[in-house]
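Trainee: Could you take me through one part of this model in some detail? I'd like to look closely at the sheet in the second chain and what sits around it.

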Amino acid sequence: MIVLVLGIFGAVAFVIPHPIVKSIDETMRNDVLRIITAFSLVLGVGSIIQHHLIKIRRKAEHWPFSYIALISLAVSAAIGLFGGIDPASPGILPTHIGGFSFHMQALYDNIMIPLASTMFALLAFFMASAAYRAFRARNLEATLLLIAAFILMLGAVPLGRMLIRPLPDFAEWILTVPNTAAKRGIMFGIGLGSIATSLKIILGIERGWLGGGG
Amino acid sequence: MGFWNKLLKIDRRWIYTIIWLVVMIPLLFPFKIKPMAMPPVTRLFNYIDTMPEDKALVISVDYTPDIQPELHPMCIALLHHAFATKRKVGLLTLQVMGLGLGEAAIRQVTEEFNAHATTHEDSIINGEDYVYWGWTTPIITILLGMGERITNVYPVDYYGHRTESLPIMKHLKNYDDIGIVVSIAGSSIPISWVNFANTQFGVPIGCGATAVSAADYYPYLNSGQFTGMMAGMKGAAEYEQLVADKFDELGIKWELRRKGTEAMSSQTAAHIAIMIFIIIGNIAYFVTRRRKK
C-alpha cells in the first residue's frame, strides 16, 4: 500500500503544479528521501563491517585482507570526519608529522588516485591482447564491425585527419547517424520496459525487490 | 609449427610489453599534434564563451579516480575557460569518489591564476568567484532541489562555510542564475541532469564523457538536450586547444599545462598499435585457416 501511494504520488507530482502537491513533494524529496538515504549509509557501513568480521572469525579465504579493509575504513573515516580536507582547511585531528601530511586530500591524491588509475589502466593491456586474439573478420557482421572500429579509432586521434582529411568527419557521422538510430530504438525499448516494470512494482505484481520470490 | 601459427599463439606478455612501450615512449617524448575541434566540442565552447556574463558555469564532477586521466583535463580546461572569461563557477559532485578530484581541479587552477594575479580583481577567490558545494545525496533531491533554492540543497559548502554567507550565492540562487551545467562523467549521470534539470527547468546541459560511453550520448546531442559534448581524451585536447586560442585572444601570456593534448601522442600510438595487432591477427587467422582446409 505504501509503495502504491508513494509510487503514484511521485509520478503525479510531476504533472500537477498545485501548491499543496508541490509542498508535499518537496518535503518528500528534501526530508524523507534524505533520511531514508542516511539510513542506507548506516546499513552499508554496518554490512561491510559485519561481512569482514565474519570473514576474520571464520578465517575464510584471504581473511588477513579483511583487517586491511576494516583498518582503512576506520582511519579514512576518522581523518575525513576530524582531520580536515588539507592544511588550508584543518580539522581538530592533527594530520601531519613533520613534513609528512596525511590529511584527506593527501590520502586521496597519493593512494586513491594512483590505485584506481592503475587498476583501470590494466584494461589497455587486456584490450590489446583480446583485439589481437579475438577480433576476427569471420563473417559480414564482424567485418562491418571491424571497419567501423578502424574508422572510429583513427578518427579519435588527430593523426586520422593528417592521414585522410575527411576521416574524423566520417567518424562523427557514424556516431551521429547510424549510431543514434540504433541507440534510439534501444532507448525506446528500455523506456517502455522501465515503465512496465515500475507499474508492476507500484501495483504489487512484482515483489522480487522485497527480497522474496517474484 | 609454421610462422603464422606461432604468431597466432604468441605469448601475451609480448603484447603487453609492446603496448607498454607504445604508451610510455610517446609520454616521455611526445610528438606535437594540434587538435582540431569537432562540432560537439565547438558548440560547448561557444555556448560558454557567449553566455550572459551574469550566468554561472556549474561543473558537476561526476567521475571517479579510475577514469580521471581521461576526464580530469576536461574539468581543468573548463575552469581555465571560465576564469579567463570572468565567469562565476559552481562545482559539485554527484559521486562521492569525485570529491577529491573536484578539490584538486579547483586548487590547481586557482593557484595558477592567483600566481599571475596582480590585483584583487585578477585573483580567483573562494566564495566570491567560485563555490565548491561538495557532495550530498540522493541525486533526485539535488537535481530538483537546485531548481528551487541551491542553499537548501547545500546548506554548507565543501569547506564547511554556510553557503548563505558566501557573496557568490547572492547571485546564484537556483537554475535561473546558471548558464549551463557541464556534467563530466563515466556513468549515466549526465542523462539524469537531462531528465531532471533540463526537462523540468530548461537549464542547458553540457557533457564530458569517456570515449567508450560517448556513443550513448549522441541521441541527446542530436536532440539538443546536450548543448555540446567533449568525448574522451580527444575531446579534452580539443577543448584545451580552444581555450589556448582564447588565452591568445585575451592576451593572457602564461603557458597552460595541457594534459589532454600531451596524452594525445600516446593515445595515437596505442590506437595504431592495436590496429596493427588486429591486422596481423586477422592475416594469421586467414592464412592458417586456408592451410587447414
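Mentor: Let's start with the chain as a whole, go through its sheet, and then move out to the helices and the other chain. Keep in mind that this is a predicted model.

Chain B has 11 helices and six strands. Its C-alpha atoms fill a box of roughly 75 × 40 × 35 Å along the principal axes. Of its 293 residues, 49% count as buried. If you take the contacts in chain B between residues at least 6 apart in sequence, 74% of them join residues at least 24 apart.

Now the sheet. It's an open one of six strands, in the order β3-β2-β1-β4-β5-β6 of chain B, and the pairing is parallel. At the edges you'll find β3 (130-135) and β6 (226-231) of chain B; each has a single partner strand, so one side of each has no neighbour in the sheet. Neighbouring strands are turned by 15° against each other on average, ignoring direction.

Have a look at the β6(B) edge. Strand β5 (residues 205-209) of chain B runs parallel to β6(B), and five bridges join the two. One pair to pick out on screen is B:Ala209, whose bridge partner in β6(B) is B:Ala231.

Two helices lie across this part of the sheet. Helix α10 (residues 232-250) of chain B lies across β5 and β6 of chain B, at about 110° to β6(B). Helix α3 (residues 39-50) of chain B lies across β5 and β6 too, and also across β1 (56-62) and β4 (178-185) of chain B, running at about 125° to β6(B).

Over at the β3(B) edge, find the loop between β3 and α6 of chain B, where B:Pro138 lies. The peptide bond from B:Thr137 to B:Pro138 is cis, with omega near 0°. Another backbone detail is at B:Lys86, in the loop between α4 and β2 (89-93) of chain B. B:Lys86 isn't a glycine, yet it has a positive phi of about 60°. It counts as exposed because it has 12 C-beta neighbours inside 10 Å.

Then there's the long stretch of helix α11 (residues 259-292) of chain B: 34 residues reaching 49 Å from first C-alpha to last, close to the 50 Å expected at 1.5 Å a residue. It does bend, though, by about 30° at B:Ser265.

That helix brings us to the other chain. The contact between the chains takes 46 residues from chain B and 43 residues from chain A. On the chain B side, the elements that each supply at least two residues include α2 (12-28), α9 (211-222), α10 and α11. The biggest giver is α11(B), with 12 residues.

For one crossing to zoom in on, try helix α4 (residues 104-134) of chain A and helix α5 (residues 99-115) of chain B, whose axes come within 10 Å and cross at roughly 105°. The two helices are therefore roughly perpendicular to each other. The residues making this contact are A:Gln105, A:Tyr108, A:Asp109 and A:Met112 of α4(A), with B:Gly100, B:Glu103 and B:Ala104 of α5(B).

Terms used. Residues numbered from 1 in each chain as written. Chains lettered and ligands numbered in written order. Predicted model: local features only at pLDDT ≥ 70, side-chain atom pairs only at ≥ 80, totals over all residues. Helix = DSSP H or I, 4+ residues; strand = E, 2+ residues; numbered from the N terminus. Buried ≥ 20, exposed ≤ 12 C-beta atoms within 10 Å, placed from the backbone. Contact = placed C-beta atoms within 7 Å. Expected span 1.5 Å × (residues − 1). Bend = angle between axes of the 7 residues up to and from the residue. Pairing = 2+ DSSP bridges. Axes fitted to C-alpha atoms, helices over the stretch in contact; angles between N-to-C directions. Parallel < 35°, antiparallel > 145°, perpendicular 65-115°, else oblique.
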